[in-house]
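The following exercises concern a protein chain and its cysteines. Please study the sequence and the structure before reading each solution.

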Amino acid sequence: MNNVVVTRTIALIGLLICIVGLAFKINDIMNRPYKRDLSRPRGNVGQSLLYAFTLGMAPWEKESTRIHWIAYVRGILFHVGVFMALAVFFVSPWLAAVPLLLSGLAVLVTAAGAVAGFAGIWMRWTEENLRALSLPDDYFSIFVTSSFVALAFAALLWPVTLPIFYIVTAAMLVYIPFSKIRHCVYFFYSKFFFGQGFGHRGVIGHPDSDYAA
Amino acid sequence: MTDEKFTDERFELTEKKAELALDILRQRLNRQLDASLEVCVRCGVCAESCHYYVANPKVEHVPAYRAEQLRKIYRSLSDPLGKAVPSWVGAAKLDQEMVNKLMSAAFGTCTMCGRCVLNCPMGILNMLYRV
């Protein structure tokens with residue numbers, strides 16, 4: 001059995017562990033009681049939910065994205081790079097069949113994502129507030145994820161790097177349920193409760209209201 | 001707000017009070033609070049949304065830093081890595097210093113205005129910590 005098949009199998013086992021671990025976390029939160037807001041509804045919750053998941057993150061709506069626009073752009077590039085690297089992982093057995101335009105796009109996106117990821121480590125260490133906030137888990141999570149994206153870039157250009165890509169993918173996937181990377185699941189819960197709570201209170205998503213953001 | 005205000009014996013943490021505090025945390029740990037405690041990625045963009053931070057830019061006035069004091073206790077109770085390797089994820093036991101920080105965060109440097117919630121990329125309901 002060659003290295004690529006063995007390491008791909010290890011990566012798939014890592015994916016299974018990741019899915020099981022995240023399923024446990026989802027089970028934990030779903031077993032918590034849901035606290036109803038008993039106040040009289042003052043806004044449109046549906047509209048607010050839509051806002052929370054879409055425009056609510058746009059620079060013209062959210063002051064923090066304007067103030068921290070470098071971190072915002074870096075975050076977007078990083079996350080798009082992560083999703084592209086995941087796509088590379090799933091398509092990796094058939095990389096040779098991927099059209100040149102698509103693989104070229106994937107190369108660019110993963111390159112940008114990897115640079116953005118590693119830059120994030122530097123930003124976290126050099127900026128005073130971020131350094132005070134940061135934990136070892138933060139640094140390691142960004143490092144392992146950025147390495148994953150960087151190796152996806154490498155695998156696209158040099159398929160000989162596929163085994164190391166799969167090993168790092170496995171390491172990242174196993175680490176996800178235990179680390180801050182699990183925010184990939186909790187993001188949807190927190191955004192939902194934000195949209196629902198603030199929409200119920202008429203703070204956002206209200207067509208006639210102005211709000212300070 | 002100065003530390004002298006916390007020297008009164010009412011604020012002294014005893015074993016019984018610590019157990020009571022942790023029981024209250026466990027009872028109040030609903031879905032919304034759990035999501036808010038888990039999802040923070042410590043990006044720090046909430047800083048300038050807080051009036052306290054804008055007036056006095058100390059790291060203790062960053063909303064994420066304030067909330068992190070409660071998260072440290074939460075992780076020591078609920079996070080597998082928090083129990084196995086506390087320093088890796090910043091888990092900590094409830095002690096007098098932690099109580100002082102929590103009281104300062106909840107009653108001294110937060111008006112529950114909610115601006116941090118609106119500016120958080122994750123929509124973390126920071127005011128829940130004060131409740």
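**Exercise 1.** Determine whether Cys40(B) is buried or exposed.

*Solution.* The model is a predicted one. Step one is to recall the cut-off: a residue counts as buried when its relative accessible area is under 20%. Step two is to apply the cut-off: Cys40(B) has 8% relative accessibility, so this residue counts as buried. Cys120(B), at 9% relative accessibility, also counts as buried.

**Exercise 2.** State how many disulfides a search of the whole structure finds, and examine the sulfur of Cys40(B) and that of Cys120(B).

*Solution.* Over all chains, the search finds zero disulfides. A disulfide requires two cysteine sulfur atoms within 2.5 Å. For Cys40(B), the closest cysteine sulfur belongs to Cys120(B) and lies 6.7 Å away, which is too far for a bond. For Cys120(B), the closest cysteine sulfur is that of Cys43(B), at 6.2 Å, and this is again too far for a bond.

**Exercise 3.** Describe the fold of chain B in terms of helices and strands, and decide how compact chain B is.

*Solution.* Begin with the elements: chain B contains nine helices and zero strands. Next, compare the radius of gyration, 15 Å, with the 14 Å that the globule rule gives for 131 residues; the two are close, so chain B is as compact as a globular protein of that length. The C-alpha trace spans about 35 × 35 × 25 Å along its principal axes. Finally, consider burial: 53% of the 131 residues of chain B count as buried.

Conventions:
Residues are numbered from 1 along each chain as its sequence is written. Chains are lettered from A and ligands numbered from 1 in the order in which they are written. This is a predicted model: local features need pLDDT of at least 70, side-chain atom pairs count only at pLDDT 80 or more; totals for chains, interfaces and linings use all residues. Side-chain values use heavy atoms; hydrogens and water are left out. Helices (H or I, at least four residues) and strands (E, at least two) are DSSP runs, numbered from the N terminus. The radius of gyration is taken over C-alpha atoms; the globule rule is 2.2 Å times the number of residues to the power 0.38. Buried means under 20% relative accessible area, exposed over 50%, partly exposed in between (1.4 Å probe, protein chains only).
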